[in-house]
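Here's a set of short exercises to work through with the model open in your viewer. Try each task yourself before you read the solution.

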Amino acid sequence: MSRALVLSSGCPVRPGFGLPGRGAGPWGSCRGPRERLRSAGLNPNLITRLAPIRVRAGLLKESASPMATVVMKFGGTSVANIERIQNVARHVKREVDAGNKVAVVVSAMSGVTNQLVAWVKDASPLYDAREYDAVVATGEQVTAGLLAITLQGMGLRARSWTGWQVPIKTNAAHGTARITEIPGAQIKKAIEGGEIAVVTGFQGIEPLEKRISTLGRGGSDTSAVAIAVALEADVCDIYTDVDGVYTTDPRIVPKARRLAKISYEEMLEMASLGSKVLQTRSVELAMVYKVRTRVLSSFVAPDGMKAFSPDNIEDIGTIVCDEDEIVEQQVVSGIAYAKDEAKVTLLKVDDKPGVAARIFGPLADANINVDMIVQNVGADGKHTDMTFTVQAAELTRAIDVLKKAKADIGHFDIKSSADIVKISVIGVGMRSHAGVAAQMFKVLSEKGINIHAISTSEIKVSVLIEAAYAELAVRALHSAYGLDND
Ligand code: ADP
Ligand code: ASP
Ligand code: MG
C-alpha cells in the first residue's frame with residue numbers, strides 16, 4: 001500500500017522527500033533551525049549547506065508500528081579486530097531479536113584511517129583530494145563487509161552498503177564533503193524487509209563527477225545521523241569506547257561525570273571546541289532535524305543491555321536533546337580542550353585603519369580560518385601587535401600567505417607557536433548567570449597560568465594558554481565549577 005505521507009500541518013509530501021525540520025511532528029519545533037541556532041548564540045550559517053538535504057523529519061509516521069527503527073553506529077575502537085566485530089554483531093542481534101529494524105553505520109578499524117592518510121602523504125605532499133578520498137574511504141568498506149559476513153554467520157540477514165550504493169550524495173569538497181541528499185527508498189525497503197543494512201560511515205559520492213568523497217575525520221558520526229534522518233529512525237545510537245558524553249574528556253579528568261542528557265546547543269559547542277566524542281557536523285544535523293541521538297558504550301556485554309524501545313531510551317548513555325527536556329540545568333555543563341590550533345603574532349604592525357583587513361583578507365582568500373583575534377594597543381600610538389589563531393595544520397601556509405602580503409600590510413615581525421591549547425567552558429546556563437568568565441580567569445591565575453587570548457559567545461568562554469598547562473587547567477576548572485564526581 002502506498003499513500004502520501006502527511007505533515008501534521010496537513011501538507012501532503014511525497015515519500016522519500018521532505019522539508020528541513022520545521023514541522024511540528026514528534027520531534028518538530030515551531031521555530032526554524034536558523035532561528036534556533038541564532039537564539040542559541042550560534043552562527044546560523046552553520047546550516048546553509050544542510051538545508052538542501054531532502055529528507056523527512058518531524059513527519060507523522062505512515063502507520064503506528066510496534067517496531068522501532070534503530071541506527072547503530074560503531075567507531076574505530078568498537079570494530080578494532082574480528083573479536084570486537086563479533087561483539088558488535090551481538091549488539092546488533094539483540095536489536096533484531098527484539099523486532100527492531102536496524103541500519104548499522106561503521107567506521108574503519110582503529111588506526112586504519114590514520115595509516116591510509118599517512119600513505120597518501122608519503123606518496124606525495126601535494127595530492128589530489130579526490131584520490132585522497134579514494135584511498136581513505138577504503139577502511140570503512142572493509143569493516144562493513146566483515147560485519148555483514150559476521151552477522152550472516154550468526155544466521156541473520158545482512159548486506160553491506162557503500163556510500164555510492166545508498167547513495168549518500170555530497171558536495172565536491174573532497175576531504176571535508178557535506179552531505180546534500182540521501183534518497184533513502186532502497187535502503188529503507190531493505191530494512192523494512194528484515195535485512196540489516198551495514199553502511200560504510202565517513203564516505204559518500206559526489207554525483208556530478210561520480211567520485212568517492214569523505215566527510216572529514218570523525219565523519220562516521222555524521223553518516224549515522226544523516227542515515228537516521230533519511231530512515232526517520234526512532235534513535236541514532238552512537239556506540240563508542242566511553243559510556244556517554246562526560247563533563248569533560250574522561251581520559252584527562254578521572255573525576256569527570258557522565259551527563260544523562262546534553263542539549264544540542266551545548267553538544268555543538270563541545271564538539272566544535274574539541275570534544276571529539278561526536279563530530280561537529282553530526283550534532284548540527286541532529287539539531288536541525290531533531291534526531292534523538294544517544295552516545296553509549298559498545299564495551300558493555302551485548303546481552304547485559306536491553307534492546308532499544310522508546311520507553312527505555314533514558315536508561316543508559318547520554319541523550320543529546322532539546323534544552324527544554326533537561327530539568328536540572330547546570331550553569332556550566334562541560335569543559336572542552338582543543339590542541340590543534342596554533343598562535344601567530346604579528347609584532348609592530350602599523351596602528352592605522354585598514355591594517356586588519358590587509359592581514360585577514362589574504363588569509364580568508366587562501367581559505368585559512370582564523371579563530372581568536374587579539375589586538376594590543378601600541379604604547380607609542382603608531383604600532384600595535386596582532387595575535388590570532390589558525391588550525392595548526394594551516395600554520396605554515398598562513399605564515400607563507402602573510403609574508404607574500406607584506407608589501408601590502410607594511411612592516412611586521414612574526415612569531416608563531418603550536419604549543420598552545422584552547423580551553424573552553426560551556427553551558428546554556430551562562431545566558432542567565434554572570435561571572436562564569438571571571439571565575440575562569442581567577443582559577444587560572446591562582447594556578448599561575450597565563451592567558452594569551454580570550455573569546456566568548458552566549459554559552460561559552462574560551463581561553464588560549466600554553467599546551468603544557470592543558471591538563472592542570474581542565475582539572476582545576478572542572479573542580480571550580482562543581483563538576484567533579486566525588
Ligand atoms: P569512535 O572511534 O568511537 O568514533 P572517538 O575516539 O572519536 O570514538 O570518540 C570517543 C572519545 O572521545 C573518548 O574515548 C574520549 O576520550 C573522547 N572525549 C573527549 N571529550 C569527551 C567528553 N566530553 N565525553 C566523552 N568522551 C570524550
Ligand atoms: N574512519 C574515519 C576517521 O578515523 C571516520 C570515523 O571513524 O568516524 O576519521
Ligand atoms: Mg569518532
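The exercises below deal with helix packing, ligand surroundings and backbone oddities in a predicted model.

**Exercise 1. Work out how α7 and α9 are arranged, and what their contact is made of.**

Solution.
- Start with the geometry: α7 covers residues 220-231 and α9 covers residues 280-289, their axes are 7 Å apart, and the packing angle is about 20 degrees.
- Now name the arrangement. Angles under 35 degrees count as roughly parallel, and α7 and α9 are therefore roughly parallel to each other.
- Add the hand: α7 and α9 make a left-handed crossing.
- Then pick out the residues. From α7 you should find Asp221, Thr222, Val225, Ala226 and Val229, and they meet Arg281, Ser282, Leu285, Ala286 and Tyr289 of α9.
- Sort them by class, and the contact of α7 with α9 comes to six nonpolar, two polar and two charged residues.

**Exercise 2. Stay with α9 and work out how α8 packs on it.**

Solution.
- Helix α8 spans residues 264-272, and its axis comes within 8 Å of that of α9, with a crossing of roughly 165 degrees.
- That angle makes α8 roughly antiparallel to α9.
- The hand of the α8 and α9 crossing is left-handed.
- On the α8 side, look for Tyr264, Glu265, Met267, Leu268, Ala271 and Ser272; on the α9 side, their partners are Thr280, Val283, Glu284, Ala286 and Met287.
- Class by class, the contact of α8 with α9 has seven nonpolar, two polar and two charged residues.
- One thing to spot: Ala286 of α9 turns up here in the contact with α8, and Ala286 is also in the contact with α7.

**Exercise 3. Describe the crossing of α3 and α4, and sort the contact residues by class.**

Solution.
- Take α3 as residues 112-123 and α4 as residues 129-136; the axes come within 9 Å and cross at roughly 145 degrees.
- The crossing of α3 and α4 is right-handed.
- Leu116, Val117 and Val120 come from α3, while α4 brings Tyr132, Val135 and Val136.
- The tally for the contact of α3 with α4 is six nonpolar residues, with no polar and no charged ones.

**Exercise 4. Find the residues around ligand 2, then look for its polar contacts.**

Solution.
- First the surroundings: Ser107, Ala108, Thr113, Glu140, Phe202, Arg217, Gly218, Gly219 and Ser220.
- Next, check a nitrogen atom of ligand 2: an N or O atom in the side chain of threonine 113 is 2.8 Å away.
- Turn to oxygen atoms of the ligand. A polar side-chain atom of arginine 217 is 2.7 Å from one oxygen atom of ligand 2.
- Glycine 218 uses its backbone instead, with a polar atom 2.9 Å from an oxygen atom of ligand 2.

**Exercise 5. How many residues surround ligand 1, and which are the closest?**

Solution.
- Count the neighbours and you get 17, with Thr240, Asp241, Tyr246, Asp249 and Arg251 the closest.
- Among the polar pairs, a side-chain atom of aspartate 249 lies 2.9 Å from an oxygen atom of ligand 1.
- A backbone N or O atom of glycine 76 is 3.2 Å from an oxygen atom of the ligand 1 molecule.
- Lysine 276 joins in through its side chain, with a polar atom 3.3 Å from an oxygen atom of ligand 1.

**Exercise 6. Inspect the backbone at proline 167 and glutamate 232.**

Solution.
- Begin with omega: at about -10 degrees, the peptide bond joining valine 166 and proline 167 is cis.
- Place it: proline 167 is in the loop between β5 (158-161) and β6 (169-170).
- Now phi: glutamate 232 isn't a glycine, yet its phi is positive, about 50 degrees.
- Glutamate 232 sits in the loop between α7 and β11 (235-240).

Methods:
Residues numbered from 1 in each chain as written. Chains lettered and ligands numbered in written order. Predicted model: local features only at pLDDT ≥ 70, side-chain atom pairs only at ≥ 80, totals over all residues. Heavy atoms only, no water. Axes fitted to C-alpha atoms, helices over the stretch in contact; angles between N-to-C directions. Helix = DSSP H or I, 4+ residues; strand = E, 2+ residues; numbered from the N terminus. Parallel < 35°, antiparallel > 145°, perpendicular 65-115°, else oblique. Left-handed = near helix turned anticlockwise from the far one by under 90°. Contact = heavy atoms within 4.5 Å. Nonpolar A, V, L, I, M, F, W, Y, C, P; charged D, E, K, R; others polar. Near = heavy atom within 4 Å. Polar contact = N/O pair within 3.5 Å; in protein donor to acceptor, adjacent residues only side chain to side chain.
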